[in-house]
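User: Please examine the model shown below and answer some questions on its strands and cores.

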Amino acid sequence: MQGLRKVACVEDTMRRVVRQSKFRHVFGQAVKNDQCYDDIRVSRVTWDSSFCAVNPRFVAIIVDASGGGAFLVLPLHKTGRIDKSYPTVCGHTGPVLDIDWCPHNDQVIASGSEDCTVMVWQIPENGLTLSLTEPVVVLEGHSKRVGIVAWHPTARNVLLSAGCDNAIIIWNVGTGEALINLDDMHVDMIYNVSWNRNGSLICTASKDKKVRVIDPRKQEIVAEKEKTHEGARPMRAIFLADGNIFTTGFSRMSERQLALWNPKNMEEPIALHEMDTSNGVLLPFYDPDTNIIYLCGKGDSSIRYFEITDESPYVHYLNTFSSKEPQRGMGFMPKRGLDVNKCEIARFFKLHERKCEPIIMTVPRKSDLFQDDLYPDTAGPEAALEAEEWFEGKNADPLLISLKHGYIPGKNRDLKVVKKNILDNKPAANKKSDLINAPKKAADASNTQNEAKLDEILKELKSIKDTITNQDERISKLEQQMAKIAD
């Protein structure tokens, strides 16, 4: 009760200043039951990740799996009851702890697991028809479980992973190589990692209560703050579009806090607010286009949202979406997956124990025209840099697209992994011979794909035949037993 009074008090003081904002009346609404994804065994692993990742094509959810780790990938339109036999992505030998869709390819997803590996998967265009057990590439380099995976925001095929070995590895997925290994910067468990807007820096929150800002290519700590939040429970730190850092954590008295920091001077926070005394970790979801942060506590039944501005008190409380059921995890749709005709500015995918429920955040407007003040140009699916350019030191902001006529997903190219052969350092062939060989290469690639499909079908057939044989044996045994009893 005291906790509720406290949050009401915080929200009152933040609300007292009536300020003009087009987001003051944002309201959330859960979709009808038939638009939920039902009968899903959401993972029960005790890990503070969001367990859900979404993009304009698919929703992916980490589920309970016997003898390994698995996650579901459902096309967005596949609502209703999900059959128990629905295919999963199930190549890990330990539980999956985190998943992240590639921002530059809506059919590529990365997963980190307790089996110490990171796997990158290519999802077929219309979703799965058979369970997927073969990743495009397995990234091995961590010595303990991998709890965090995060794609680079602007460079193609650059993926970051962080494990319980306190190491952060940055991979070139296109070659399957670990190119940067930050294994001596954290002395304790890493709670989360966030890229900045152009992917030149990362910030991390760690169990030692420090927030660090790291330049991964120079492999140096640019800024750090000790005891960002005094409490012992997990923190989160994310970069905002202007380069400031937003953190959530706990006070010494176990009250949940949120704070805003300038990485150029981390002595004192720009703003610090105490929320309530709940013990769920606050997961922040940030929209750089509107500068709104949504806070979803694990085990809470509400989503609170705040607008960040450059005028005091800097973090302005907007509203709270409340429901009855606590959330096990949460997915956050990128801006290009929203319905601009309905003035939808955010969509969450809330995980219950047995279902996933979309929640739609809307700004009420009377006009049917495109509201360009709500939808500035947003990050599109095209990468601004190739992996090699980023590793060589180049930076680039996201390539923006307009949502004026809605977003139509384009054709994604398949993720190809070219393993470099150190022995094979021949000089590059001239362009003419490359052109001659191109059709041959394409034919080879399609043959390889067909062979892989054939293998998959043969495996499936063998498994069904084995099952039938086993059942036949069982039937004949039971018939023999019956005959004995009858005699």
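User: Which residue stands opposite Tyr-294 in strand 26?

Analyst: This is a predicted model, in which local features need pLDDT of at least 70 and side-chain atom pairs count only at pLDDT 80 or more, while totals for chains, interfaces and linings use all residues. Residues are numbered from 1 along each chain as its sequence is written, and side-chain values use heavy atoms, with hydrogens and water left out. Strands are DSSP runs (E, at least two residues) numbered from the N terminus, and two of them pair if DSSP finds at least two bridges between them. Strand 25 (residues 292-297) pairs with strand 26 in the antiparallel sense over 5 bridges, and the residue opposite Tyr-294 is Tyr-305.

User: In strand 27, what is the bridge partner of Ile-303?

Analyst: Strand 26 also pairs with strand 27 (residues 315-322), in the antiparallel sense over 7 bridges. Within strand 27, Ile-303 has as its bridge partner Phe-321.

User: Why is strand 26 largely enclosed by the rest of the structure?

Analyst: In a regular strand, side chains alternate between the two faces of the sheet. On one side of strand 26, Ser-302, Arg-304, Phe-306 and Ile-308 are buried (under 20% relative accessible area, 1.4 Å probe, protein chains only), and on the other Ile-303, Tyr-305 and Glu-307 are buried too. Strand 26 (residues 302-308) is therefore largely enclosed, the number of its residues that are buried being 7 of the 7.

User: Which strand gives the most to the largest nonpolar core?

Analyst: A nonpolar core is a set of buried Ala, Val, Leu, Ile, Met, Phe, Trp, Tyr and Cys residues joined through side-chain atoms within 4.5 Å. The largest has 39 residues. With 6 residues, the leading contributor is strand 4.

Conventions:
Buried < 20%, exposed > 50% of the residue type's maximum accessible area, 1.4 Å probe, protein only. Helix = DSSP H or I, 4+ residues; strand = E, 2+ residues; numbered from the N terminus.
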